[in-house]
Amino acid sequence: MKYISFIICLFLLLSGCSRKTPRYVIGVSQCSDDEWRDKMNNEILREALFYEGTEVEIRTVYDDNQKQIEDIRYFIDKGVDLLIVSPNQAAPITPIVEEVFDQQIPVIIVDRKILSEKYTAYVSADNYAIGQAVGNYIVSYLKGKGNIIELTGLSGSTPAIDRHQGFMSVISEYPGIRLLAVEDGEWLKEVAENQTYTLLNRFLSVDLIFAQNDRMASGAYLAAKQQGREQKITFIEIDALPEEGYGVDQILQGTLDATFIYPTGGDRVMQIAMNILQGKEYEKENMLYTAVVDRTNARVMKLQTNHIQELDSKIEFLNTRMNHYLDRFASQQLFLYGAAIILLLLATLFLLVWKAYHVKNRMNKELFNRNEEITVQKEQLEK
Ligand code: FRU
């Protein structure tokens, strides 16, 4: 019984050793659920594969400040080692991020900003500069003359504000360019479609629609198509998503005209997170770069991103394979330890039996000798 409980204890100890407890737990709070954020999340998860013992939990809300605050509170209660936040709107999310920062939990802000300096690092492309780049592109495209509609992202989210201001800083210099209307499309396709439909009824001469993301541009295109005006209008947007059916594809299909890359940068975010956690050097402000994709370079862009996607899926495949081998190695190791212990016990048992056998033999011999002696004594007495 004693031996059996000893074996059980040893097994429990060994299996306990093989269970992995993560060294770092990282929480990601996303403000929205869409293809752009899916790409960022995948990049974060893929990059995390390179850091052993790192667990990433992603929570997503649907453009809802209150729910995002609840998610961030969940991560605080969970005791994450670092938090990555993409705030829905700046003002409502600022106090909770400040709370995280005050609790000494490193917090990285991505894509959208808060109204405070209380964060550990910020990673995004410069939205004001993108707005300017769009402005310059449009000025040269329209040769300084034309009627424009702008569809902005959700009001109160910083990229919407910055992109608009950057854009205005350029086009306001050109009196030939008339900004007919600026409408809040909330970053959403359906909202942008409805807004555009109404605006096109109001303005009969529209040369170009600038939508602050690909999704809203698709909505605007659909609205124009319903009125048979899609051929007369140029559509310019931001994001340049290379995935099937999004921005770059739409340029190739000829529905949209130009899109500006808004990098998701999930891999970069993860690298900065790990630098912070491992006490390495990092920058507080990290800027990603933009570039225009139009009919002149969309094909090259598509080919290159296809190739990158292939490599990415190979990395994921290799990782799954490696995990499989590591699991197999761990269970084989466990089996080996178990077998060694059983062998040891058997050897001990054999030793004990062998010893008992010898003791018994010796005692038998002694008994026999004693018997002999007694018999001899008995015979002598009888004589
Ligand atoms: C994704 C998105 C992008 C846009 C960015 C701005 O949720 O709407 O399309 O470029 O957010 O924060």
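How are helix 7 and helix 8 oriented to each other? Keep that one in mind while we get our bearings; the model you're looking at is a predicted one, and we'll start with this pair of helices before moving on to the sheets.

Helix 7 covers residues 189-202 and helix 8 covers residues 214-226, and their axes come within 7 Å while crossing at roughly 40°. Helix 7 and helix 8 are therefore oblique to each other. As for handedness, the crossing of helix 7 and helix 8 is right-handed. If you want to click through the contact, go to helix 7 and pick K189, A192, E193, T196, Y197 and L200; across from them, helix 8 brings R215, M216, S218, G219, A220, L222, A223, A224 and Q226. Sorted by class, the residues of this contact of helix 7 with helix 8 come out as 8 nonpolar, 4 polar and 3 charged.

Now for the sheets. One of them is an open sheet of 6 strands in the order 7-6-8-9-10-12, and its pairing is mixed. At its edges sit strand 7 (177-184) and strand 12 (292-294), each of which pairs on one side only. Ignoring direction, neighbouring strands here are turned by 20° against each other on average. Zoom in on strand 6 (residues 146-152) and strand 8 (residues 208-211): they run parallel and are joined by 4 bridges. For a concrete pair, take L151, whose bridge partner in strand 8 is A211. Helix 6 (residues 158-171) packs on this sheet, touching strand 6, strand 7, strand 8 and strand 9 (234-239), and its direction makes about 170° with that of strand 7.

Stay in strand 6 for a moment, since E150 is found there. Is this glutamate buried or exposed? E150 has a relative accessible area of 0%, so it counts as buried. What is E150 in contact with, once its neighbours within four places in sequence are left aside? The list is H164, F167, L179, A181, V182, E183, F210 and Q212. Another glutamate to look up is E237: it lies 87 residues from E150 along the chain, and the C-alpha atoms of the two are separated by 9.8 Å.

Strand 9 also leads to a backbone detail. In the loop between strand 9 and helix 9 (247-253) you'll find A240. Its phi is near 55°, a positive value in a residue other than glycine. A240 is buried too, with a relative accessible area of 3%.

Over to the other sheet. This one is also open, with 6 strands in the order 2-1-3-4-5-11, and here the pairing is parallel. Strand 2 (54-60) and strand 11 (285-288) stand at the edges with a single partner strand each, so one side of each has no neighbour in the sheet. The average turn between neighbouring strands of this sheet is 15°, direction ignored. Strand 1 (residues 24-30) runs parallel to strand 2, and 7 bridges join them. Within that pairing, S29 stands opposite R59 in strand 2.

Two helices are worth tracing against this sheet. Helix 2 lies across strand 1, strand 2 and strand 4 (107-110), running at about 170° to strand 2. Helix 4 (residues 90-102) packs on the sheet as well, touching strand 3 (82-85) and strand 4, and its direction makes about 150° with that of strand 4.

Where does D111 sit? Look in the loop between strand 4 and strand 5 (121-125). D111 has a phi near 65°, which is positive in a residue other than glycine. With 4% relative accessibility, D111 counts as buried.

Finally, back to helix 2 for another helix pair. Helix 2 (residues 35-48) packs with helix 10 (residues 266-277) at an angle of about 45°, their axes 7 Å apart. That makes helix 2 oblique to helix 10. Their crossing is right-handed. On the helix 2 side of the contact you'll find M40, E43, I44, E47 and A48, which meet G266, D267, M270 and Q271 in helix 10. By class, this contact of helix 2 with helix 10 has 4 nonpolar, 2 polar and 3 charged residues.

Methods
Residues are numbered from 1 along each chain as its sequence is written. This is a predicted model: local features need pLDDT of at least 70, side-chain atom pairs count only at pLDDT 80 or more; totals for chains, interfaces and linings use all residues. Side-chain values use heavy atoms; hydrogens and water are left out. Axes are lines fitted to C-alpha atoms, for helices over the stretch in contact, and angles run from 0 to 180 degrees between N-to-C directions. Angles under 35 degrees count as roughly parallel, over 145 as roughly antiparallel, 65 to 115 as roughly perpendicular and the rest as oblique. A crossing is left-handed if the near helix is turned anticlockwise from the far one by less than a right angle, and right-handed if clockwise. Contact means heavy atoms within 4.5 Å. Ala, Val, Leu, Ile, Met, Phe, Trp, Tyr, Cys and Pro count as nonpolar, Asp, Glu, Lys and Arg as charged, and the others, Gly among them, as polar. Two strands pair if DSSP finds at least two bridges between them. Buried means under 20% relative accessible area, exposed over 50%, partly exposed in between (1.4 Å probe, protein chains only).
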